[in-house]
Amino acid sequence: MTAFRFSTVASQFGWVSGGRLLAALVQALVVVLLARAISPQEFGLFAATQGALIVAQTVSGLGLATYVVRHRAIRTDDPNVLVALRLNEATTYAFGGVLLAAFISLGAWIDEAFFALLPLALSMAAERSADAWLGVAIADGDARVNTLNLVGRRIATAAIFLALTTGAGAPPLLSFGIAALFAAVASWIFSRMYVGAHVARRRFEGPRRRRYAVVLRRSRHYWMNSIATQLRNLDTTVAAFSMSPAQAGFFGVASRVTGPLRMLPTSLSIVLLPVASRTGSKDRRSLALLIAGAASGITILFVSVAIVAPYVVPALLGNDYRGATVTLQLTAIGLIPAGIASLLGAVLQGSGHARYVSNVAFIMTGVCLAGVALGGASLGAVGGAIALGVAYIVQMALLIIRYITLNFEPQEKE
């Protein structure tokens with residue numbers, strides 16, 4: 001990998017990480033405004049519903065977005081990329097239809113608040129499709145389009161929400177859903193127009209016969225890895241059942257406060273996937289240098305968080321949360337191997353070892369959740385954090401071993 005490519009990867013990482021950070025901040029601000037405008041009970045329903053929708057969004061995606069990035073990066077005229085995008089559109093409509101029926105039923109039989117949440121649910125389907133289409137831009141090395149689309153989506157949601165609530169006096173929960181849906185649909189339309197105008201007409205010459213079965217078979221390991229990653233968000237749920245309420249609160253605070261920090265290794269993973277897809281295992285040295293450099297940055301960041309935690313926790317959260325300090329420190333340190341594992345997983349997926357990555361992810365997700373339960377039952381929040389860190393270290397070690405052996409075995413078939 002040449003020096004120019006290193007600078008290109010760094011530029012893309014800057015766009016992706018910076019854009020995601022800005023989008024997250026805008027979204028957090030809107031959520032805070034929503035929380036102030038509705039009752040705790042309504043917000044609890046909103047938070048639970050949004051969490052469930054994120055998992056459903058991942059499950060319904062079938063790994064097609066990752067498939068598009070990798071195979072477009074390998075071969076710009078791969079006809080199966082268009083097949084995957086068409087299949088993604090079909091599943092988007094199906095996902096939207098299921099959500100429509102589900103939320104109408106929930107609103108009629110459980111709680112009328114689900115009617116107000118219906119636009120939010122439909123926005124998740126549109127967002128998923130938009131991100132899949134813009135995976136083409138990521139694969140082509142143009143992270144700016146993807147980033148500007150995401151940031152624009154969040155800013156539009158905020159602007160429409162404020163206009164509806166302050167200008168029109170509309171109900172806050174419904175206003176948030178309508179704003180999210182409008183922004184997501186606009187993002188979806190833009191992504192299709194961009195890919196159609198800049199890529200599809202020139203590059204895609206898809207086969208008449210849609211090879212859906214081939215695409216689904218090759219994308220299943222990306223899908224399984226995404227599901228396994230999402231299931232780890234159940235750690236706070238497991239903690240609630242295995243720890244005392246106070247200890248579960250400490251664990252939950254540590255987990256959620258450090259959550260945004262995971263954005264940096266995840267952003268670089270998005271950039272590394274197409275790079276590794278193009279180079280495979282041929283340029284392990286350059287890929288290793290990229291991973292080592294990123295790992296150094298991740299280590300400095302998370303160690304710094306652990307060092308300042310005793311001063312920041314009481315200042316930001318109050319003295320009642322002083323007991324969460326050690327848990328937060330352990331969680332931050334545990335994110336070092338977790339971040340490195342994320343980078344290695346992207347490189348291995350791009351090199352044709354998606355099956356191994358997904359198998360390891362599922363096994364270690366089970367280990368993580370079981371460890372939180374056992375560690376939490378014996379040592380409380382600290383025990384849960386230790387269990388997470390150990391699981392991440394094991395996962396990182398397994399991926400390092402696989403990466404080292406890349407030159408000594410044939411590439412896996414997907």
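Let's start at P79, which sits in helix α4. In this predicted model, P79 counts as buried because its relative accessible area is 18%, and the cut-off for that label is under 20%. Along the chain, P79 and R211 are 132 residues apart, yet their C-alpha atoms are separated by just 9.4 Å.

Stay with helix α4, residues 79-109, and go along to E89. The side chain of E89 meets that of R192 in a salt bridge, with 2.8 Å from N to O. This pair links distant parts of the chain: R192 belongs to helix α8 (residues 172-203), and the two partners are 103 residues apart. How does each partner sit, buried or partly exposed? E89 is buried, with a relative accessible area of 7%, whereas R192 is partly exposed at 39%.

Salt bridges are worth following a bit further. Side chains of opposite charge can pair when their charged atoms come close. The total for this structure is four. Which residues are linked in a network of salt bridges? They are E127, D131, R153 and R154.

R153 is a handy place to look at that network. One of its salt bridges goes to E127, where the closest N and O atoms are 3.7 Å apart. The two come from distant parts of the chain, with R153 in helix α7 (residues 143-167) and E127 in helix α5 (residues 113-133), 26 residues apart. Both R153 and E127 are buried. R153 also forms a salt bridge with D131, and here the closest N and O atoms are 3.0 Å apart. Since D131 lies in helix α5 and R153 in helix α7, this pair ties together parts that are 22 residues apart in sequence. The burial differs between these two partners: R153 has a relative accessible area of 3% and is buried, but D131, at 35%, is partly exposed.

Now for the aromatic side chains. A pair of aromatic rings is described by the distance of the centres and the angle of the planes. Searching the whole structure turns up three aromatic pairs. Take F103 and F114: their ring centres are 5.9 Å apart and their planes stand at 70 degrees, so this pair is edge-to-face. F103 belongs to helix α4 and F114 to helix α5, so to speak a link between distant parts of the chain, with their positions 11 residues apart. In plainer words, F103 and F114 are 11 residues apart. Both of these phenylalanines are buried.

Another pair brings together F161 and F176, whose ring centres are 6.1 Å apart with planes at 75 degrees, so this pair is edge-to-face too. It links helix α7, which holds F161, to helix α8, which holds F176, and the two residues are 15 residues apart. F161 is buried, with a relative accessible area of 2%. F176 is buried as well, at 4%.

There's also a charge over a ring to look at. R402 lies over the face of Y356, 4.4 Å from the ring centre.

What about the nonpolar interior? In soluble globular proteins, nonpolar side chains tend to be buried together. Here the largest nonpolar core has 47 residues. Which residues have the most contacts inside it? They are M243, F251, L272, L343, L344 and L399. The elements giving two or more residues to this core are α3 (64-74), α6 (135-139), α11 (245-257), α12 (263-279), α13, α14 (325-350) and α15 (354-404). Of these, α15 provides the largest share, with 13 residues.

Helix α13 takes us from the core back out to the surface. A nonpolar patch there is formed by V303, I307, V308, Y311, V312 and I333, and together they have about 530 Å² of accessible area. Which helix gives the most to this patch? Helix α13 (residues 284-317) does, with five residues. V312 is found in that helix, and its relative accessibility of 34% is why V312 counts as partly exposed.

How values were computed:
Residues numbered from 1 in each chain as written. Predicted model: local features only at pLDDT ≥ 70, side-chain atom pairs only at ≥ 80, totals over all residues. Heavy atoms only, no water. Patch = residues over 30% accessible without salt bridge, like charges linked within 9 Å, V, L, I, M, F, W, Y side chains within 5 Å. Areas by Shrake-Rupley, 256 points an atom, 1.4 Å probe, with all protein chains shown as cover. Helix = DSSP H or I, 4+ residues; strand = E, 2+ residues; numbered from the N terminus. Buried < 20%, exposed > 50% of the residue type's maximum accessible area, 1.4 Å probe, protein only. Phe/Tyr/Trp six-rings, centres within 6.5 Å; stacked < 30°, edge-to-face > 60°. Lys NZ or Arg CZ within 6 Å of the ring centre and 35° of its normal. Core = buried A, V, L, I, M, F, W, Y, C linked by side-chain atoms within 4.5 Å.
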